[in-house]
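Okay, thanks for coming, everyone. I'll walk you through a protein that none of us has talked about before, so stop me if I go too fast.

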Amino acid sequence: FTFQFPVIFWFLRIDWHRTKFNTNSRVTHCMACIWAACLRVGKRFELSRAFETRSLPTMAARECFVNLVDHRVIGFDMDHTLVRYKLPTIRKLVQKCLCNYLADQGEWSKSLVTELQAHDHLVIKGIIHDKRRGNLLKVNSSGEVVMAFHGTKALDSEQIRQEYGDEKLTYLGTDLCAGIRRDTFFIFDNFFDSPAIPIIAKMVDLQDSKQTTQWAAGAADPNYTHLWEALIKGFNHTFRADAFKDGSGGFFSSLQADPATYIRKVSPGAHQWLANLRTAGHHLFVLTSSHSDFAHFLMDYSYGPTWKSDFSLVGVNARKPGFFAEPPTSRPFYVLENHRESSEFDDRKLKQGMTVAQGNCTGMNAFFRRLCGESSPKVAYFGDSLRSDVVCLSKGGWDPVAIVEELFVERPGHMPLQRANECSNRHVENDMSSPRAKRAIAEDSVNAVDADFAVLQSSTWSSYFQHDDGVDTLQASLLRQRAYACIPCLPEDPVLKY
């Protein structure tokens with residue numbers, strides 16, 4: 001109650017001057033005021049404790065409130081938000097699938113996947129790939145390249161100056177906010193694409209080793225764009241719409257065969273938190289770019305077969321950020337039949353309990369107005385992708401709450417608390433009361449959490465939020481400007497505690 005007390009006394013001050021009761025009545029009235037103020041503060045605490053982005057990255061050192069009380073509608077992305085993956089195994093799986101595809105094309109050896117472990121230190125979100133030059137870049141909030149690798153080889157400050165001079169890459173942040181994918185650069189934005197960083201680095205190395213003789217003879221400057229195009233074909237093959245159904249690509253089939261290796265089951269506390277939100281009068285919805293069959297598989301496994309009862313609407317294959325950025329006429333909703341999009345659907349017919357595909361933010365906002373009976377209900381949306389879930393949401397009028405798991409490792413003193421939460425949740429799930437069983441569960445949980453923490457850090461690039469000189473990275477500055485709040489994950493307990 002370090003800052004709740006002033007709120008309570010503020011209530012007392014107003015009510016004291018307005019009250020004309022006798023002394024006993026005033027005492028009773030004051031007690032009632034204190035109780036009412038505590039309830040109001042408690043409600044805000046229960047619904048919405050988190051961390052503000054306005055103080056990134058020093059927000060790690062202090063706790064504050066994010067007010068969700070006035071948000072009648074609260075939405076959630078699915079991958080890495082509602083559903084959390086086991087990051088070490090999901091990284092290895094993505095790398096294996098991409099390397100196998102490249103090897104099958106006959107251009108790269110299958111041994112490429114075995115060479116990646118030595119370069120996993122390059123993997124971190126927020127790194128920018130210069131497709132033409134074959135460079136990996138860390139850019140600060142001013143658009144300056146502060147670190148760079150050519151392939152797996154670090155460039156010193158003089159080499160960076162020769163490559164980029166005084167060029168400022170601030171337009172990359174503008175492009176990101178506008179939903180533009182520039183031809184010459186790509187921002188590794190999430191835990192599905194960032195595992196490819198060491199792959200493209202090794203591809204550049206191999207290309208350099210093949211063409212050194214040509215360049216020494218005075219050939220034109222090399223262009224590495226074709227390497228990126230080959231890798232993108234691998235992504236498209238691995239994550240294409242029909243891959244879950246037909247088992248191709250290796251990614252979806254691996255998750256189906258052994259979901260426990262890759263996916264975390266949600267804790268009972270998270271179920272209760274969603275129930276608390278609904279009880280408090282909030283309408284919840286899911287909006288994901290994953291296709292219907294995969295989305296249902298993930299949610300069934302992580303939340304159980306009755307998960308849809310928690311949500312007023314489920315949107316799949318939303319194709320964000322186009323869902324927010326493109327005109328509604330070009331983004332109709334579709335009816336689903338056996339997880340396949342069958343026909344266009346009039347968004348004026350959206351109703352509670354439906355599952356729809358694609359669509360647009362304008363039509364969904366109209367549904368929220370009908371659902372809440374208000375002219376402009378406030379909408380909060382939780383998601384992990386800077387490109388798809390944060391910077392573009394202003395076009396839809398939604399307040400983005402960014403899920404940034406890097407906060408687990410960049411907040412001092414947090415690791416023991418996270419371990420305690422994980423162990424506590426595991427005890428609830430397994431209901432094993434013997435001391436020996438509890439110790440075994442706790443040790444297993446700590447090891448799993450340590451493994452996840454390890455892949456959230458990079459010994460090479462250092463902080464996700466800052467460069468060594470203390471200046472914000474490009475992604476941190478965008479979070480500061482665009483996100484309503486920033487937290488490491490959804491709560492594992494009914495009350496948001498970190």
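So, what you see here has 18 helices and 16 strands. Keep in mind that this is a predicted model. There are 498 residues in the protein, and buried ones make up 54% of them. About 22,300 Å² of surface is exposed, with carbon and sulfur atoms supplying 52% of that. And if you take the contacts between residues at least 6 apart in sequence, 72% of them join residues at least 24 apart.

Let's start with one sheet. It's an open one with five strands, in the order β7-β6-β5-β4-β8, and the pairing is antiparallel. β7, at 153-154, and β8, at 185-187, are the edge strands, each pairing on one side only.

Now look at β5, residues 135-139. How many of its five residues are buried? Five of the five, so the strand is largely enclosed by the rest of the structure. As a reminder, in a regular strand the side chains alternate between the two faces of the sheet. Here both faces are covered: Asn135, Leu137 and Val139 are buried on one side, and Leu136 and Lys138 are buried on the other.

On to the partners of β5. With β4, residues 128-130, it pairs in the antiparallel sense over three bridges, and Asp130 has Asn135 as its bridge partner. These two strands make a hairpin with four residues in between, where Gly134 in the turn has a positive phi of about 75°. On the other pairing, β5 and β6 (residues 145-150) run antiparallel and are joined by five bridges. There, Leu137 is matched with Ala148. That's a hairpin too, this time with five residues between the strands, and Gly143 takes a positive phi near 85°.

What about β4 and β8? They also run antiparallel, joined by three bridges, and Ile128 stands opposite Ile187 of β8.

Something lies across this sheet as well. Helix α4, residues 157-164, crosses β4, β5, β6 and β7, and runs at about 95° to β6. At the start of α4, a side-chain oxygen of Asp156 comes to within 3.1 Å of the backbone nitrogen of Glu158. Just after the helix, Gly165 has a positive phi of about 55°.

Next stop, a strand with parallel pairing. That's β3, residues 73-76: Val73 and Gly75 point one way, Ile74 and Phe76 point the other way, and all are buried. β3 pairs in the parallel sense with β9, residues 283-287, over four bridges, and Val73 has His283 as its bridge partner there. Four bridges also join β3 to β14, residues 379-383, again running parallel. In that pairing, Gly75 sits opposite Tyr381.

Last topic: charges. Side chains of opposite charge can pair when their charged atoms come close. The count here comes to 19 salt bridges, and I've picked out a few.

Take Lys125 and Glu406, whose closest N and O atoms are 3.5 Å apart. Why would I show you this pair? Lys125 is in the loop between α3 (87-104) and β4, while Glu406 is in the loop between β15 (399-403) and α16 (414-430), so the salt bridge ties together parts that are 281 residues apart in sequence. And are these two buried or exposed? Both Lys125 and Glu406 are buried.

Asp246 and Arg240 also meet in a salt bridge, at 2.6 Å from N to O. Asp246 is partly exposed, with a relative accessible area of 45%, and Arg240 counts as partly exposed at 31%.

Then there's Arg340 with Asp242, at 3.8 Å from N to O. This pair links distant parts of the chain: Arg340 is in strand β12 (residues 340-345), Asp242 is in the loop between α7 (225-238) and α8 (243-246), and they are 98 residues apart. Arg340 is partly exposed at 27% relative accessible area, and Asp242 is partly exposed as well, at 37%. Finally, Asp77, Lys320 and Asp389 are joined into one network by salt bridges that share partners.

That's my tour. Happy to go back to any part of it.

Methods. Residues are numbered from 1 along each chain as its sequence is written. This is a predicted model: local features need pLDDT of at least 70, side-chain atom pairs count only at pLDDT 80 or more; totals for chains, interfaces and linings use all residues. Side-chain values use heavy atoms; hydrogens and water are left out. Buried means under 20% relative accessible area, exposed over 50%, partly exposed in between (1.4 Å probe, protein chains only). Two strands pair if DSSP finds at least two bridges between them. Contact means heavy atoms within 4.5 Å. Axes are lines fitted to C-alpha atoms, for helices over the stretch in contact, and angles run from 0 to 180 degrees between N-to-C directions. Accessible areas come from the Shrake-Rupley method with a 1.4 Å probe; for residues, only the protein chains shown count as cover. A salt bridge is a side-chain nitrogen of Lys or Arg within 4 Å of a carboxyl oxygen of Asp or Glu. A polar contact is a pair of N or O atoms within 3.5 Å; within protein, one must be able to donate a hydrogen and the other to accept it, and residues adjacent in sequence count only if both atoms are side-chain atoms.
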